[in-house]
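Here's a quick tour for anyone opening this one up fresh. Have a look around, then read on for the main sights.

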Amino acid sequence: MASPGEETVSVPHVGKKKKAPSRYWQEQQKEETKDGAVKGTTNPTAVDSGPKPPKQKKRKLKHEQNKNKKFLKHDQNKNKKLISGKSDPFPGKPRIPGDRLQKFKRKNKMKKPPRQHGKLRKLIVRSEEASDMAQKQAARFDLLLPEEAGFLEGDEGEDTCLISQEDIANAVDITSGAKHFNLKLSQFGPYRVDYNKTGRHLLIGGRRGHVACIDWQSKHLMCEINVMETVNDVKWLHSESMYAVAQKKWLYIYDSNGIELHCIRKFNDVLRMQFLPYHFLLATASATSFLQYLDVSVGKEVAAINTKTGRLDVMCQNPQNAIIHLGHPNGTVTLWSPNQKEALVKMLCHQGGVRSVAVDKTGTYMVTSGMDKKLKVYDLRAFKPLKSYFLPAGASCLSLSQKGLLSAATGDIVQVYRDVWSTPVTKPYMAHRVRGAVWGLHFCPFEDVLGVGHQDGFTSMLVPGAGEPNFDGLDANPFRSAKQRQEWEVKALLDKIQPELISLDPTELGHVDRATFQQKHEDRVKALGFDPLAKVKFIPRYKKKGRSSAGRVEKRKKQVAHEDQRDIIRKAMEDKRKTEEERNRKEQKKSLLSSQKSALDRFKK
Amino acid sequence: MKVKVLSRNPDDYVRETKLDIQRVPRNYDPTLHPFEVPREYTRALNATKLERVFAKPFLASLDGHRDGVNCLAKHTKSLSTLLSGSCDGEVKVWNLSKRECVRTLQAHEGFVRGMVVRFCGTSFFTVGDDKTIKQWKMETPGYGEEEEPLNTILGKTVFTGLDHHQKEGVFATCGQQVDIWDEQRSSPIRSFTWGVDSFSAVRFNPVETELLGSCASDRSIVLYDMRESAPLKKVIMTMRSNTLCWNPMEAYYFTCANEDYNLYTYDMRHLEKPLMVHMDHVSAVLDVDYSPTGQEFVSASFDKTVRIFPRDAGHSREVYHTKRMQHVICIKWSSDSKYILSGSDEMNIRLWKANAAEKLGVLAPREKEAANYSQKLKEKFQNHPQIRRIARHRHLPKSIYHQTKELRVMKDARRRKEMNVRKHSKPGAVPVVSEKEKHVVTVVK
């Protein structure tokens, strides 16, 4: 009896009765068997004690028993015994939750073409299968991601927005606590802030010429310079080795040692900048109302657009489709691509001027704040307002985190909001007062940190739940080595998307171009003199034994013609049904609305 | 207060020692990977460009013949062996991996017209202008031994082609008639004739092994069943076919190389209309051979080019030419489907890659993966105009380029005229005849 079976434990020969360590799957099985016993009539005590069930019930019970048996049999099939004698407690493949599958859904299922297009059908079926498998695999993999997002919850009655940064920093581990810090730089004040794509490096630019880049987690100062000029904005380029500084007159590019690489005289009076990482484009908005694009991989100006809307000092990009959003003093927000001299979209968002714009990671929502002290959320799919909030002081700067937290700066107070687009928000998630008016806000990617640049320097705030917990090592890896960075750089440059491909819908390239096909087909018909794709006229096959008499041939022709006719009728009926349904629905809606009494009903006769 | 802040342990993300490989944690969340389609498109574009950069199909030229190469034969068992017969009656056996001639024999007086290796690979047959069929051992004769045929059959007329049965000791020759021979006998066991004509090629079907096809000089293609005494049926076309080749994977299909610059793929059950007309050559097509996969075939033409056609496409996917290559007489696709061998008028045999941009040799797993990925991308975006333009571009010799243009102009003019005639005649009087139907005259059973 040396084998460590269950029986050895359950039948001890000496001492106290030992219980086998309970396993949760065993519990489940026990419960199941108990259920079976209660339901079935196998339990003799139950049968004896209780009154005899009537016959009908008995039959029902029998049926149930059979069902149970079937169930058990099925189970036995599933729980195949292993060589060790144990059965697999989790047979089969694990189920994938629906929301995960939804997350990786790329397209709707294609309609299968009719049988006569065999090849196409096969091709489509195969590609559907492949994409289905990819979706499932990705969803499965999603369950295994190692990190989980941060959170902050108050005790009962405790408001999370009243929890101070010091308390959070004290409560969390030392490394995370060290991520909250203040840089007191009162001389060259207010500061613009930018984190690079991996979130490892921080760039701050003071209005009076102070520019510094810092490996902020190790607090290693990479370089610090004073450009002896007004600095309007600072921006990292594709990697941490280069950054752009918009100075009083020209645009400059420095390397991470603070050495001036380029002075770009084509770009003057730049106020704000955005870097499009997949296109290697630096978009700049200037005081002379020019929106310019610089291709940083080849150093060429791609486009210069005169927006004719005055001074441009509100700017952000949509990370999903690389469209630039500009805010204007007349309350409009305009959307731009480098391929068009006119704005793609003009939206009137505020009564006063627009102070700040931000677009979320998925490219679905846009948050704007204006001089009318309102904070508005727009749905970019329909270009419609979703929510409107009133902030007593109005927000001067906005920033959205990867997880969708919104930070808004009102004077010297930074407020962080949660779920601004899904639920009506009444109070902030977090709040923090800094030492001067805020000039720059930026959430650090892949970290629960918000960088705040203000009159008195820089503050790094802890905002639990802001950053994406799991990064992709091939896209933006905060832990990458120099070698990995070089490799990434080469690959990214090879994959550089041409600026011509920027459009409102980034998946446009993947759509079927029906217009061109039609045009081509028309040309072909013209050249050939007949339509090669036209339906061929039905010619009945010659049949022997007198079955091809003129009457019979006519009959067969008619059959085919009727079939075609039927198709047309069927289609027409379908259309009719649909319109009918639509009308019914509308009427229903109308009647519902009319049934509700309005205040004006009392004046009706 | 309950709080959790993201805090990653670097040990989980950085390799432990320098000898380890770097850790790359993945997250396939689509929002972390924006611009999926444009990025894939860019990759596809780059892959297509690189394919054109690396397209260097010419591998080697085997020289040694003293007259034009008239026929080639693949060894049935050995990939590295090739046999070639020239117009001066010389047969050479080549080692392809060493790219050298291992044996030379004077087989015939005059042309070597046809050559085939027996299915077992131990001997081969040749026919020549001297009206003989000779069987030779595949092994080189030992020291002191003389180069002598195993067997010689004297025929009555000149033989122009030869093919061997796939499984039995039976072979077929063609000349003034198609003869079926037993290896053991000196007279044909069966002879097929259908009218007075001479045949230029005969081929056994590799799948339905008793079937034969032959091209006759009266512009017809004749099909036979070896078990029957009379031919099955024939299709008469507008111009003469030079050779035909059966699809090795689809028993019903064969492709013939025609004098009217086209190739035609037929289904042998329905000879009334070819399945596909393959156009691109600008001169008579002299030879055709299928790849062992049956998906593609290669053709040799009098216009000094070699073209590769997909089985079901009307135009070629590839064209090979060199400055020095003259009229290409014979062509073979190697049995591993990786190489193409062409024999031409100027006494050389050329070795080409079947996929011009393919990297030869053993590939590392990552190389293979990258190649597969880029292949799939190219396939996915092949119809985008930019990509198609790059993928389709081929440099052609000036003469062929101009001839192609000229042919196009002629064709357009003819079509225009027909359209005008149709426009000015009674509706239905000038029917639309499709390109496929144009070239078939009749089918005789």
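Two strands count as paired here if DSSP finds at least two bridges between them. Keep that in mind for the hairpin in chain B, made by β23(B) and β24(B) with five residues between them. One thing to know up front: this is a predicted model.

**Chain A at a glance**
- Chain A has 605 residues, and 40% of them are buried.
- Its secondary structure adds up to eleven helices and 29 strands.
- Take the contacts in chain A between residues at least 6 apart in sequence: 44% of those link residues at least 24 apart.

**Domains and a repeat in chain A**
- The domain assignment splits out domain 1, covering 165-491, and domain 2, covering 514-562.
- Measure by C-alpha atoms, and the centres of domain 1 and domain 2 of chain A are 64 Å apart.
- An unreviewed UniProt entry puts "repeat: WD" at residues 347-388 of chain A.
- That stretch, residues 347-388 of chain A, is 60% strand and 0% helix, and its end C-alpha atoms sit 15 Å apart.

**The hairpin in chain B**
- Strand β23 of chain B runs over residues 285-290, and six of its six residues are buried.
- Its partner is strand β24, residues 296-301 of chain B, and the two pair in the antiparallel sense over five bridges.
- Want one spot to find by eye? D287(B) stands opposite A300(B) in β24(B).
- In the turn of this hairpin, G294(B) has a positive phi of about 75°.

**Two helices that pack in chain B**
- Packed helices are described by the angle between their axes and the distance between those axes.
- For helix α1 (residues 36-53) and helix α2 (residues 365-380) of chain B, the angle is about 105° and the axes are 8 Å apart.
- That angle makes α1(B) roughly perpendicular to α2(B).
- On the α1(B) side, the residues that meet the other helix are E40(B), R43(B), A44(B), A47(B), T48(B) and E51(B).
- Facing them in α2(B) are Y373(B), S374(B), L377(B), K378(B) and K380(B).

**An annotated domain in chain B**
- For chain B, UniProt lists "domain: Sof1-like protein" at residues 354-440, again from an unreviewed entry.
- Residues 354-440 of chain B are 62% helix and 1% strand, with the end C-alpha atoms 31 Å apart.

Methods
Residues numbered from 1 in each chain as written. Chains lettered and ligands numbered in written order. Predicted model: local features only at pLDDT ≥ 70, side-chain atom pairs only at ≥ 80, totals over all residues. Heavy atoms only, no water. UniProt positions renumbered as here; feature names shortened; annotations may be inferred. Helix = DSSP H or I, 4+ residues; strand = E, 2+ residues; numbered from the N terminus. Domains from an automatic or database assignment. Buried < 20%, exposed > 50% of the residue type's maximum accessible area, 1.4 Å probe, protein only. Axes fitted to C-alpha atoms, helices over the stretch in contact; angles between N-to-C directions. Parallel < 35°, antiparallel > 145°, perpendicular 65-115°, else oblique. Contact = heavy atoms within 4.5 Å.
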